[in-house]
Amino acid sequence: MKYSIARIVAIAVLTLNQGCSSQVKSGETASQENTTVSANHNGHATEQTHYEHHSNNHNSNYVSTQAKLTAPKNIVPNQPLPLVINIQDSQGKSISKFDKFQEQLMHLIVVSDDLKFFNHLHPNYKGNGRFEINTNFPEPSKYTIFSDYKPSGKQEEVTVMKITVPGSTPVPQELAKYSNTKILADTKVNLNFSQPTLKAGEEVNLKFALQDIDNNQKIKDLQPYLGEKGHLVIIKSSSPLTVSDYIHAHARKDSPDGEVDFVTSFPEAGTYKLWMQFNRNGKVNTADFWVNVQ
């Protein structure tokens with residue numbers, strides 16, 4: 001089924017100054033004002049934070065949260081970058097307890113705004129609402145980070161954070177092509193649909209058939225990934241990317257052997273990119289596809 005997003009509860013935007021070279025200091029936090037804090041040269045990270053409090057939500061399982069992203073100002077493409085994400089309530093108090101879902105406390109989906117780059121990460125929880133992770137961004141571009149977490153006893157929350165890697169954006173080597181086949185190291189993935197045309201608002205079954213490259217037979221050694229046969233992230237090509245462009249689907253438990261199936265729907269017409277992840281021989285594989293929805 002299409003992943004149910006409770007609310008868009010926070011947007012954090014990181015603004016970078018190319019002329020500064022510094023690291024994040026322990027305990028530093030950025031301004032909570034809905035304005036951009038100008039970068040300076042004293043070692044502070046620069047960040048813009050905006051969050052919404054939905055006072056008309058009376059669901060006891062809902063809690064309004066905000067995410068605060070802290071990172072060094074000077075980012076070099078394809079170099080390790082420490083990120084800190086602090087989860088707080090609408091009053092700025094740290095949320096300390098989280099429930100696991102799909103075997104993790106937090107899922108980070110990182111994409112470049114052109115949807116060329118994709119990464120699925122799981123930050124380390126340090127307590128008192130603080131998550132940390134080291135990652136890298138492959139090239140100069142604007143990136144969107146979807147943070148997916150579940151405060152203890154409450155609904156799952158999705159926040160959107162933005163980060164820009166400065167520099168000249170490389171010219172694409174090739175344009176994205178619509179293809180229903182993806183060749184990986186040892187697996188061929190064929191994507192089929194339960195209906196010939198994808199239409200906005202209509203439920204559709206996405207079928208990913210997995211075949212061994214060597215013998216072209218259905219694979220029989222699929223292993224669980226985060227507790228399921230596979231995971232599917234879908235993002236609509238938009239500018240800017242927002243939480244409404246994000247869909248996280250989970251594999252049907254009755255998927256036949258050698259196949260991973262998902263049931264979802266696309267909310268609007270447009271171009272979407274799909275990343276299907278599965279575990280084979282202890283390695284997480286990612287097969288990506290573009291689809292057009294009418």
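**Notes on an all-strand model: strands, rings and one asparagine**

1. Let's start with a pairing in the middle of things: strand 4 and strand 8 run antiparallel and are joined by 6 bridges. If you want a spot to look at, find V84, which stands opposite E132 in strand 8. Keep in mind as you browse that this is a predicted model.

2. Strand 4 has another partner too. Strand 3 (residues 65–70) runs antiparallel to strand 4, and 6 bridges hold that pairing. Here T65 has D89 of strand 4 as its bridge partner. How many of the residues of strand 4 are buried? The count is 8 of the 9, so the strand is largely enclosed by the rest of the structure.

3. Now the wider view. The protein chain has 19 strands and 0 helices, so don't go hunting for a helix, given how helices are counted here. Of its 294 residues, 48% count as buried. The accessible surface comes to about 14100 Å², and carbon and sulfur atoms account for 45% of that.

4. The contacts reach a long way along the chain. Take those between residues at least 6 apart in sequence: 64% of them join residues at least 24 apart.

5. Next, the rings. The structure holds 11 aromatic pairs. One of them is F98 with Y125, an edge-to-face pair with 5.4 Å from centre to centre and 75° between the planes. What does this pair tie together? F98 sits in the loop between strand 4 (81–89) and strand 5 (106–112), while Y125 belongs to strand 7 (residues 124–127), so the pair connects parts that are 27 residues apart in sequence.

6. Are these two rings buried or partly exposed? F98 has a relative accessible area of 11%, which is under the 20% cut-off, so F98 is buried. Y125, at 27% relative accessibility, counts as partly exposed.

7. F98 also pairs with F131. Their ring centres are 5.2 Å apart and the planes meet at 75°, so this pair is edge-to-face. The link again spans distant parts of the chain: F98 is in the loop between strand 4 and strand 5, F131 is in strand 8 (residues 130–135), and the two are 33 residues apart. F131 counts as buried, at 1% relative accessibility. Strand 8, you'll recall, is joined to strand 4 by 6 bridges.

8. Put those rings together and you get a group: F98, Y125, F131 and Y149 form one aromatic cluster.

9. Elsewhere, have a look at N205 in strand 13 (residues 203–212). N205 is buried, with a relative accessible area of 13%. Which residues does N205 touch, leaving aside its neighbours within four places in sequence? The contacts are N192, F193, S194, R252, D261, F262 and V263.

10. Last, a word on confidence. The pLDDT averages 79 over the protein chain, and 76% of the residues score at least 70. Over residues 1–58, though, the pLDDT is below 50. In the model this stretch has 150 contacts beyond near neighbours in sequence, and I'd read those with the low score in mind.

Conventions:
Residues are numbered from 1 along each chain as its sequence is written. This is a predicted model: local features need pLDDT of at least 70, side-chain atom pairs count only at pLDDT 80 or more; totals for chains, interfaces and linings use all residues. Side-chain values use heavy atoms; hydrogens and water are left out. Helices (H or I, at least four residues) and strands (E, at least two) are DSSP runs, numbered from the N terminus. Buried means under 20% relative accessible area, exposed over 50%, partly exposed in between (1.4 Å probe, protein chains only). Contact means heavy atoms within 4.5 Å. Accessible areas come from the Shrake-Rupley method with a 1.4 Å probe; for residues, only the protein chains shown count as cover. Rings of Phe, Tyr and Trp (its six-membered ring) pair if their centres lie within 6.5 Å; planes under 30 degrees apart count as stacked, over 60 as edge-to-face and the rest as tilted. Two strands pair if DSSP finds at least two bridges between them. pLDDT is the predictor's confidence in each residue, from 0 to 100.
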